[in-house]
Amino acid sequence: MFFHIVLERNMQLHPRFFGRNLRENLVSKLMKDVEGTCSGRHGFVVAITGIESVGKGLIRDGTGFVTFPVKYQCVVFRPFKGEILEAVVTLVNKMGFFAEAGPVQIFVSKHLIPDDMEFQAGDMPHYTTSDGSVCFFLNL
Amino acid sequence: MSVASDSPVHSSSSDDLAAFLETELESDSDSSSESFPSEEAEDDTEVANHRLKKRKLEHLETVEEEGVENVASVTFSEEISEASSSKRPCDHPGSIKQICILCGEPVEQTGVPLRYMHQDMWIHQEEISRIRDSDIKFLQRQRKLCLVLDLDHTLLNTTVLRDLKPEEDYLKSHTHSLQDVSGGDLFMLDFMNMMTKLRPFVRSFLKEASEMFVMYIYTMGDRDYARKMAELLDPKGEYFSGRIISRDDGTVKHQKSLDVVLGQESSVLILDDTENAWPSHKDNLIVIERYHFFASSCRQFEHKYQSLSQLKSDESEPDGVLATVLKVLKQTHSLFFEDGGGYTSGRDVRTLLKQVRKQVLEGCKVVFSRVFPTKSEPKDHPLWRIAEGLGATCATEVDASVTHVVAMDVGTEKVRWAIREKKFVVNRGWIDAAHYLWKKQPEENFGLEQLKKTETEVKNDDVTLEN
C-alpha cells in the first residue's frame, strides 16, 4: 500500500547550480532523480512531499561536484505479499491477463486462474465461471 | 500484526515507522526469494534514475510460499498457504523479465519470445504447444480458424509525406478526421509524416472475416506504426486486441513465421502480398495482388504504371481484390467445418486451400510455347507449377486434348497449330490473372495482340476485371 516515509539520498550538484538558488536546484534535481523510481525495499516513490534536512555539502576531490546528504519525506507505494490490490485489467488473452495497479504492472498466468474460469475470446475477451458469476473484464 | 492496521497514512513519528518498515522489509527479504528482487532492483534504480517516471514490472505472487518464514511474517504465510494449491515442483512454463510466471522464481530466459504481449515475455515451446491444443475445443465450438494479415500493400498503402508527387497534392484536402475513423479511408498522420489509404472493401472484409477467423496483424513495420494502423482499421479494438505483431516482435530478422502465433499451423491462413516473407509457411499463404495507391509505392516496386492516386481512381469495392479473397476464405472455411467436422477430424487448411485453388483452371490442358528458356526443365518453371496448382494439366507437346496454348510470340508452331484447331491462344498473363483472381479469366482479354498493347498503354492494374 502507500506509505509516507523519510528517505535519505546523497545528491551530487554541479557548481553551475551554486549561488542564490542552490537549495531550489538541489530540490528540483532530487525530484527529477527520485520521483517515479522504484526500489525493492521501499517500492515506488510516488511523490516527494517535503525536505526534512539538507546536510553539509562535501566537495569531491578531483571534480568540482559537491555531495549533499538530503533527508526527504515522500509517499511510496509498495505491495506486500498477501495484500489485496485493486487493479485495472489492460489485456486479456489465452495466456492470462495483464493488469495495472498504479505503477505496478501485473500479469496473472492462466495457470494461476482457477480451473472453473474459462477464457472467452471474442471482441471483449474475458475469463468467466460457468454460471457467469465471476469475470475478469478488460476495462478500457 | 498486520500491515493494514499498523501503517499510518501520515507519519508524524516517521522514525518509528521507518524502524517498523525496516523489520518488516528485512524479514521479507530474508525469508522469501520471491516477487521482490531487491538486489536487482537497487541496480535498477541507478538505471531508472536516468529515465523520468519509468514504470517497472512487479510480479504479484498469489499462490506459492517457499522457504522457511520468519516469525514476523508468519501470520501472512499461514493464511496464504492454506489457500494455496499443492506444492508440486513448478515446470516454469514461461517467464517475464526472467521471473517464472507461475511460481515467481528467477529462471533462465528460454523458449519463444512473445514480445507483442510483453516486452520481456518468453514462453517455452511445450507451453506454446499446450496453449495451441487447449484452444481447440473452443475454436471448434465457435467454428473459427486463424487468419494472419499483412498490412502494407495488402490491407492499406502508406506513403511518407515527403514522397508525395505534385499531382497527388489534391489528396491532402480529402483526408478524413482522425477523431472518428470509422467513416474514412484516407488519413493524414502528421506526427508520423505519413499518409495512409485503406484498401477499398477492407472494413467489410474485416467484419466478415472476424466471424470466421481469429485475426492477427503481422507487419514488417515497427511497433508504433503497427499499433497506429490497427487503430485505423479496428477503432473499437474488437478484431486485433493484443494480436498485433510487428517487425520488433518477430524471432528472425526480415522474416515472418508462425512460431509466435498461438494457433495450430493446420488452421492458420496467411494473407500477404510478399511470398518471400514467409519462407517456411508457403502452404498457408494466400498471395494477394499489391495495392499501389500512392506513386511512391509504384516506384518502390519498379512498377511501370501510374498509381491509383495519379489516375484519380481506385479499386472496385464489390469486385476488388479483397472481395475475391474473402470468397476464397469463406470457401476454405466451409470446407474445414463441413459436416460438423473440423479440428477433431484432423482437417488441414493447407490441403483445403490447395483443393480450392485446383478448381480455378480445372479441366484445362495447357501447353507452353517459347515461354520457358530452352535449357531448363519446363516442369520446374514457376509458371508450370502455378498452372498445375490451379488445377490445369500441363504438357510439353500438343495433342487433341489440349485446350490452351500459352505463348509470348505469334510465330511458333504450337500457336499456328492452336489457331488451326481453334484452341485458345493466350499470353502468360492469363495464368497469372487466374492465380491472383482465383477465377478463370476470359481468354479474349489475354490474346497475344493484347501483349503489344499493354507495353504502350498506361494501366493501373496488371489485369482487367470483367464484371
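Biologist: How many cavities of 30 Å³ or more does the structure hold?

Modeller: Three of them, in what is a predicted model. A spot earns the name cavity because a 1.4 Å probe fits there but cannot get out.

Biologist: What makes the second largest one count towards that number?

Modeller: Check its volume, which is about 60 Å³. The count takes cavities of 30 Å³ or more, so a volume of about 60 Å³ passes that cut-off.

Biologist: Which residues get to be called its lining?

Modeller: A residue needs an atom within 4 Å of a cavity point. Chain A enters the list with K94(A). From chain B there are D135(B), L139(B), L145(B), C146(B), V214(B) and Y216(B), along with L262(B), G263(B), Q264(B), S267(B) and Y343(B).

Biologist: Which strands of chain B each supply at least two residues of that lining?

Modeller: Those are β5 (145-149) and β9 (213-218). You can match them to the list: L145(B) and C146(B) belong to β5, while V214(B) and Y216(B) belong to β9.

Biologist: Now for H254(B). Why is this residue called exposed or buried?

Modeller: Its relative accessibility is 70%. Exposed means over 50%, so H254(B) counts as exposed.

Biologist: And where does H254(B) lie?

Modeller: In chain B, in the loop that joins β10 (244-245) to β11 (268-272). Its C-alpha atom is 9.8 Å from that of N276(B), and 22 residues separate the two along the chain.

Biologist: What is worth noting about the phi of H254(B)?

Modeller: The angle is positive, about 65 degrees, although this residue is not a glycine. N193(B) also has a positive phi, near 60 degrees, and is likewise a residue other than glycine.

Biologist: Where is the place of N193(B)?

Modeller: Look in the loop of chain B between β7 (186-189) and β8 (194-198).

Biologist: What makes N193(B) exposed, partly exposed or buried?

Modeller: Its value is 47% relative accessibility. Buried would need under 20%, and exposed would need over 50%. The value of 47% sits in between, so N193(B) is called partly exposed.

Biologist: What share of each whole chain is buried?

Modeller: In chain A, buried residues make up 43% of its 140 residues. In chain B, 51% of the 467 residues count as buried.

Biologist: How do you know what contributes to the surface of each chain?

Modeller: By looking at which atoms supply the accessible area. Chain A exposes about 7300 Å², with 54% of it from carbon and sulfur atoms. For chain B the area is about 23500 Å², and carbon and sulfur atoms own 49% of that.

Biologist: How many helices and strands does each chain have?

Modeller: Chain A has one helix and eleven strands. Read from the N terminus, a strand comes first, then the helix, then the other strands. Chain B has 15 helices and 16 strands.

Biologist: How do you know how much contact there is between residues 24 or more positions apart?

Modeller: Take the contacts with a separation of 6 or more, where contact means heavy atoms within 4.5 Å. Residues 24 or more positions apart account for 50% of them in chain A. In chain B that share is 64%.

Biologist: What are the domains of the two chains?

Modeller: The assignment for chain A gives domain 1 (2-77) and domain 2 (88-134). Their C-alpha centres are 40 Å apart. Chain B is divided into domain 1 (129-352) and domain 2 (359-459), and there the centres lie 31 Å apart.

Biologist: Which UniProt features fall in chain B?

Modeller: The unreviewed UniProt entry places "domain: FCP1 homology" at residues 140-311 of chain B. That stretch is 18% helix and 20% strand, with end C-alpha atoms 46 Å apart. UniProt also lists "domain: BRCT" (unreviewed entry) at residues 356-448 of chain B, where the chain is 31% helix and 16% strand.

Biologist: And which feature does UniProt list for residues 8-64 of chain A?

Modeller: That one is "domain: RNA polymerase Rpb7-like N-terminal", from an unreviewed entry. Over residues 8-64 chain A is 23% helix and 39% strand, and the end C-alpha atoms are 22 Å apart.

Notes:
Residues are numbered from 1 along each chain as its sequence is written. Chains are lettered from A and ligands numbered from 1 in the order in which they are written. This is a predicted model: local features need pLDDT of at least 70, side-chain atom pairs count only at pLDDT 80 or more; totals for chains, interfaces and linings use all residues. Side-chain values use heavy atoms; hydrogens and water are left out. UniProt positions are given in the numbering used here, feature names are shortened, and annotations may be inferred rather than shown by experiment. Helices (H or I, at least four residues) and strands (E, at least two) are DSSP runs, numbered from the N terminus. Buried means under 20% relative accessible area, exposed over 50%, partly exposed in between (1.4 Å probe, protein chains only). Accessible areas come from the Shrake-Rupley method with a 1.4 Å probe; for residues, only the protein chains shown count as cover. Domain bounds come from an automatic or database domain assignment. On a 1 Å grid over the protein atoms alone, a cavity is a set of points where a 1.4 Å probe fits but cannot get out, and a pocket is an open set with protein on both sides within 12 Å along at least five of seven lines; lining residues have an atom within 4 Å of a point.
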